[in-house]
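Thank you all for making the time this morning. Please have a look at the model on the screen before I go through it.

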Amino acid sequence: MERYSEITNKIKREIVLLKARPCIWSKCSFCDYIEDNSTCKEEMLKINNEVLDQVTGKYGVLEVIDSASIFELPKETLQRIKAIIEDKKIHTLFFESHWLYHQKVKEMKAYFGIQVICKIGVETFDEHFRNDVLNKNAAFTSIEELKQYFDSPCLMVGIQGQTQEMIKKDMDILQANFNHGTISVYRNNTTAIKRDDALVEWFMQQYAYLKEDPRYDFLYDPTDFGVGD
Ligand code: SF4
């Protein structure tokens, strides 16, 4: 499992995949990466410290992810990240959170005291597909409400049951409202949620230009950031 990498296109940054407590939600129908969650603090701190030791600050930008939300990292890991930010002169931090923590995001941003881009797994703006099919429990009622707390939605494309219309709407909303975002092409995993190869093929033809858009990270494979397995 790779836990440190560098993203060298678009917003250049170091990225670390840390180990966290179980995701507060843990029920998304497409998710099997919560298997990386841990309840052993000793194990989490050991791994996280080893990974964070590799951060050099070379780009001034750091992204911290885990198989849950930033809020599920141990307190000691949050303190370590804050110390690294100061030591390595990091000016921008990316982290992620589930919607359930939306009211705590401001406080977490303030804790780090630098520019923060908070990502959220929206997967799709189609409310039914997001919450009933993917069981995401991201219950925002409007884009305006979402933007009050989060800066950067992560969207997923190419899932069976998704339609071209849904994806077109998602890409329109993304481009009209967000200066940062992540588009991930779905890859089959151990869950019952399956990829729609024809939809992926259509998407890659229609939206190839988004791969070059400096505002959006584009993951054809979940490991394209260089972390994970
Ligand atoms: S919120 Fe993220 S980590 Fe938690 S179950 Fe859903 S996809 Fe998995």
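I will begin with how to read the model, then turn to the sheet and finally to the ligand.

This is a predicted model, in which local features need pLDDT of at least 70, side-chain atom pairs count only at pLDDT 80 or more, and totals for chains, interfaces and linings use all residues. Residues are numbered from 1 along each chain as its sequence is written, and side-chain values use heavy atoms, with hydrogens and water left out.

Eight strands, in the order E1-E2-E3-E4-E5-E6-E7-E8, form an open sheet with mixed pairing, where strands are DSSP runs of E with at least two residues, numbered from the N terminus, and two strands pair if DSSP finds at least two bridges between them. At the edges are strand E1 (4-7) and strand E8 (216-219), each pairing on one side only. Within the sheet, strand E6 (residues 152-157) pairs with strand E7 (residues 181-185) in the parallel sense over four bridges, and Cys154 has Thr182 in E7 as its bridge partner.

As for the ligand, the residues around it, meaning those with a heavy atom within 4 Å of it, are Cys23, Ser26, Lys27, Cys28, Phe30, Cys31, Tyr33, Ile34, Ser67, His98 and Lys136.
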